[in-house]
Amino acid sequence: MTLLEARQVTVRFGGVIAVNRVDIAVNEGEVVSLIGPNGAGKTTLFNAFTGIYRPQEGDLLLFGKSIKGLQPFQIARRGLARTFQNIRLFRDMSALENCLVARQSSRPLRYLEGLLPYAAGRRGQREDLASALAALEFVGLADRRGAKARSLPYGEQRRLEIARALSTGARVLLLDEPAAGMNPQETKELMALIGRIRDTGRTVLLIEHDMRLVMGVSDRVVVLDHGLKIAEGKPQEVRRDPAVIRAYLGRRDDRASTD
Ligand SMILES: Nc1ncnc2c1ncn2[C@@H]1O[C@H](COP(=O)(O)OP(=O)(O)O)[C@@H](O)[C@H]1O
Ligand SMILES: [Mg+2]
C-alpha cells in the first residue's frame, strides 16, 4: 500500500523550477532515500509534502488522500512528521519539553478540551507524556530528558529531532539529512536507529548525502537532479546508473568544496 505519494509535482520559485513533474510513491514499511546534488529540489519536495509550499502543479497524497493545499498542522495531524536539514529545536526547552510540544501541536484537538471532565483531560496529558518519554527512550536520550536542547552535543540534538518527530505518533517520517555534521560513529548509530524505526512499522522518506548510510538503510533510492527525477531503483542499481554517476557522484568534489 502506498502511504505517501507525489504525482507530477512541480514547485517553482519565480523562474526557478525547483521540482519538475516529480512522481514518488513510498509504500508502507519502506525506507526510501531521496538523493541528488545540492539544489536538486529535495528539501523543496519535503516542504511541499508538509504544506510549507503549495505546488503549482500535481498532487500530494498521504494515506491515499490528497493533502495539497492543507496547512502544515493539518498534515501533521494526519500522521506525517519531519525533521529539518538545519536543526530546529526549541533551544531553551528541555529534551522532554521539545517532544511534548511536538506531540501536543500535532495530535487532533480534543473537542473543547478545557471543558472535558478533569479525569479525561488528565488522561490526554498522561498519553502525551508517555509518548514523549517513549520517543526519548527509543532514540537513547531518556536520561537526557531534563537537559536543555542547546546543552546537548550536536549528534544528540540530531537524535532529539528524530525523537520529536516520533513522539507525534506519526506513521510516516520525512528525515532531511539527519546525518549532516555527524561523525562516523554517530552516523553508524543513526543507521541502526533508522532500521529500528522501520521495525516499528513506520515508513521513512530520507534525504541523505552519506552514501554508506543510503546504501545501508534504503529499500529504494530516488535520484533528483535540477528538479527532475533522473533515476529510481534498488540502491545497488542506482549506484551503477550512468546518469546518476554523471549527475551526482561525478560532482561530489564540487559539492564538498562548496558545502
Ligand atoms: N524559498 C525559496 N525561494 C526561492 N528559491 C528557492 C527556495 N527554496 C529553494 N529554492 C531553490 O530551489 C532549488 C532547490 O532547492 P532545495 O530544494 O533546497 O535543494 P536540495 O534540498 O536538493 O539541496 C534551488 O535552486 C534553491 O535555490
Ligand atoms: Mg536540502
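Arginine 21 turns out to be partly exposed, because 15 other C-beta atoms lie within 10 Å of its own, whereas 20 or more would be needed for a residue to count as buried. The model is a predicted one, and in it arginine 21 belongs to strand 2. Its backbone is a bit out of the ordinary run of things: phi of arginine 21 is near 50°, a positive value in a residue other than glycine. Phenylalanine 63 gives a second case, again with a positive phi near 50° in a residue other than glycine. This one sits in the loop between strand 4 and strand 5. Phenylalanine 63 is partly exposed because 16 other C-beta atoms lie within 10 Å.

Strands 2, 4 and 5 bring us to the sheet they help to build. It is an open sheet of four strands, ordered 2-1-4-5, with antiparallel pairing. Strand 2 and strand 5 (65-66) sit at the edges, each pairing on one side only. Further in, strand 1 (residues 2-13) and strand 4 (residues 57-62) run antiparallel and are joined by five bridges. To pick out one position in this pairing, alanine 6 stands opposite leucine 60 in strand 4.

Strand 2 also has a part in the ligand site. The shell around ligand 1 is made up of Phe13, Val16, Ala18, Gly36, Asn38, Gly39, Ala40, Gly41, Lys42, Thr43 and Thr44. Sorted by class, that comes to four nonpolar, six polar and one charged residues. Strand 2 (16-27) and helix 1 (42-49) each supply at least two residues of the shell, and the largest share, three residues, comes from helix 1.

Helix 1 itself is well tucked in. Eight of its eight residues are buried, so the helix is largely enclosed by the rest of the structure. The buried set runs through Lys42, Thr43, Thr44, Leu45, Phe46, Asn47, Ala48 and Phe49. Lys42, Thr43 and Thr44 therefore appear both in the ligand shell and among the residues of a helix that is largely enclosed by the rest of the structure. Just after helix 1, glycine 51 takes a positive phi of about 85°.

Much the same goes for strand 9 (residues 220-225): five of its six residues are buried, so this strand, too, is largely enclosed by the rest of the structure. Strand 9 has two pairings to describe. With strand 3 (residues 31-35) it runs parallel, through four bridges, and serine 33 stands opposite valine 221 in strand 9. With strand 10 (residues 228-233) it runs antiparallel, through five bridges, and here valine 223 has alanine 231 in strand 10 as its bridge partner. Strand 9 and strand 10 form a hairpin with two residues between the strands, in which histidine 226 takes a positive phi near 50°.

On the scale of the whole chain, the domain assignment gives domain 1 (1-79 + 172-259) and domain 2 (90-170). Their C-alpha centres lie 25 Å apart. Where the domains meet, twelve residues of domain 1 are in contact with twelve residues of domain 2. On the domain 1 side, helix 2 (72-77), strand 7 (172-176) and helix 6 (184-199) are the elements that give two or more residues. By class, that side has eight nonpolar, two polar and two charged residues.

The two domains also come together in the largest nonpolar core. This core holds 67 residues, of which Leu80, Cys99, Leu136, Ala163 and Leu173 touch the most other members. It draws at least three residues from each of domain 1 and domain 2. As background, nonpolar side chains tend to be buried together in soluble globular proteins. Leaving aside residues up to four places away in sequence, alanine 163 touches Cys99, Ala135, Leu136, Phe138, Val139 and Leu141.

Finally, helix 4 (residues 118-138) is home to glycine 124. Glycine 124 counts as partly exposed because it has 14 C-beta neighbours inside 10 Å. Its C-alpha atom is separated by 9.6 Å from that of glutamine 104, a residue 20 places away along the chain.

Definitions and conventions. Residues are numbered from 1 along each chain as its sequence is written. Chains are lettered from A and ligands numbered from 1 in the order in which they are written. This is a predicted model: local features need pLDDT of at least 70, side-chain atom pairs count only at pLDDT 80 or more; totals for chains, interfaces and linings use all residues. A residue is near a molecule or strand if its C-beta atom, placed from the backbone, lies within 6 Å of it. Ala, Val, Leu, Ile, Met, Phe, Trp, Tyr, Cys and Pro count as nonpolar, Asp, Glu, Lys and Arg as charged, and the others, Gly among them, as polar. Two strands pair if DSSP finds at least two bridges between them. Domain bounds come from an automatic or database domain assignment. Two residues are in contact if their C-beta atoms, placed from the backbone, lie within 7 Å. A nonpolar core is a set of buried Ala, Val, Leu, Ile, Met, Phe, Trp, Tyr and Cys residues joined through C-beta atoms within 7 Å. A residue is buried if 20 or more other C-beta atoms lie within 10 Å of its own, exposed if 12 or fewer, and partly exposed in between; C-beta atoms are placed from the backbone.
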